[in-house]
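User: Could we go through this model together? I would like to begin with the ligand site.

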Amino acid sequence: MMASLPICNLDRTIPGSDAAQPFSGFSERTLLEAGQIPIEQLAELALREGQRTNPLYRVHRWFARRLGSQFRAILTGLALGGEDADRFWETYLDTIPLRGAIVLDPFVGGGTSLVEARRCHARVIGYDIDPVATLITRFELSAGAYEPYTPAIAEVCAVVSQALSKFHTTHVPGHGTCTVLHHFWVERRTCHTCGALSEIHPHYQLAHSKDTGCQWVFCQRCHQVYELSLSRKVLACVCGARTRISCGTVRKGTVRCPACGGSSALSSRRYYADTPPLIRTHKSMGVKAKKNKGKGFLRRRASVWYV
Ligand SMILES: C[S@@+](CC[C@H](N)C(=O)[O-])C[C@H]1O[C@@H](n2cnc3c(N)ncnc32)[C@H](O)[C@@H]1O
Ligand SMILES: [Zn+2]
Ligand SMILES: [Zn+2]
């Protein structure tokens with residue numbers, strides 16, 4: 001059942017878009033169906049966009065959010081016929097002829113599909129079972145109507161930034177107070193066999209850089225972060241613990257208790273049926289993330305989130 005209201009802007013048009021070409025229906029065989037999309041160049045574009053996303057889409061880090069360039073490529077591929085491969089880039093970079101077309105995304109998520117379709121002057125409709133998704137998408141679709149730098153917005157930003165900035169600072173020995181770039185979160189679980197509380201890590205590497213041949217890893221016991229050569233497999237911490245960097249406490253959906261070796265399914269209902277998961281910020285993450293800014297490739301999955 002759809003729990004949330006649809007986003008519907010069928011009666012809205014974009015001012016100044018009269019020059020947009022009208023939608024004349026799909027070709028019998030579109031460029032997308034013909035498989036004539038320049039995937040390699042689009043992948044390059046996606047890599048660049050992934051490193052510096054459109055500020056509009058940063059309004060919320062919705063999970064599995066596709067990139068704007070990917071949707072724009074899909075829309076281009078739908079608007080052109082199978083034999084129009086040579087017109088792909090001129091269409092992609094200019095006006096995709098979708099004025100008057102209706103684009104429906106029944107699982108709208110972060111809203112990228114509808115924003116990109118609106119940019120091509122299509123009329124858009126979206127649904128999502130999650131009201132947060134529809135809220136985000138509504139905002140993204142209407143953001144262009146707001147003046148970005150009014151005194152009222154500046155005042156809100158100042159108040160919010162003062163209230164929140166204290167949560168985004170950390171103390172770095174030798175550097176004083178620093179701004180946190182990423183908070184890493186880790187899920188903890190109490191073992192049903194031995195009662196020990198442990199952290200669920202897929203591995204102990206925070207980031208790595210093939211360019212510099214470095215990796216940033218942390219101690220499984222005290223969380224101290226170290227910069228090591230990428231070839232190192234084991235971290236010997238000053239606290240005395242030895243951490244096998246690639247051997248975390250979860251593998252292929254199975255969690256292993258480091259105290260007794262007992263195992264449980266990561267998604268076991270036993271752990272989630274009655275209580276929310278135990279999640280806490282991981283010590284000293286701000287430190288590493290700051291130091292690693294722009295250098296490494298952040299590599300965490302499964303039980304860890306950044307916010
Ligand atoms: C990964 S997002 C897809 C976002 C967007 N379509 C895209 O491709 O980037 C999937 C969305 O489907 C929504 N969803 C899952 N089941 C649904 C249902 N039964 N009805 C409506 N939305 C649903 C989820 O809440 C989520 O926002
Ligand atoms: Zn240690
Ligand atoms: Zn145990």
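**Ligand site and cores**

Analyst: The shell around ligand 1 comprises seven nonpolar, four polar and five charged residues; Ala, Val, Leu, Ile, Met, Phe, Trp, Tyr, Cys and Pro count as nonpolar, Asp, Glu, Lys and Arg as charged, and the others, Gly among them, as polar. This is a predicted model, in which local features need pLDDT of at least 70 and side-chain atom pairs count only at pLDDT 80 or more, while totals for chains, interfaces and linings use all residues. Residues are numbered from 1 along each chain as its sequence is written, and chains are lettered from A and ligands numbered from 1 in the order in which they are written.

User: Which residues come nearest to ligand 1?

Analyst: A64, R66, F107, G109 and I129 do, out of 16 around the ligand (C-beta atom, placed from the backbone, within 6 Å of it).

User: And the largest nonpolar core, which members touch the most others?

Analyst: Among its 20 residues, these are L75, L98, V103, L114, A117, C120 and A122. Such a core joins buried Ala, Val, Leu, Ile, Met, Phe, Trp, Tyr and Cys residues through C-beta atoms within 7 Å; buried means 20 or more other C-beta atoms within 10 Å of the residue's own, all placed from the backbone.

User: Which elements give two or more residues to it?

Analyst: Helices α3 (68-79), α5 (112-119) and α6 (131-142) do, helices being DSSP runs of H or I with at least four residues, and strands E runs of at least two, numbered from the N terminus.

User: Is there a sheet to discuss, and in what order do the three strands lie?

Analyst: The open sheet runs β13-β14-β15 with antiparallel pairing, where pairing requires at least two DSSP bridges. Its edge strands are β13 (250-251) and β15 (263-265).

Terms used
A residue is buried if 20 or more other C-beta atoms lie within 10 Å of its own, exposed if 12 or fewer, and partly exposed in between; C-beta atoms are placed from the backbone.
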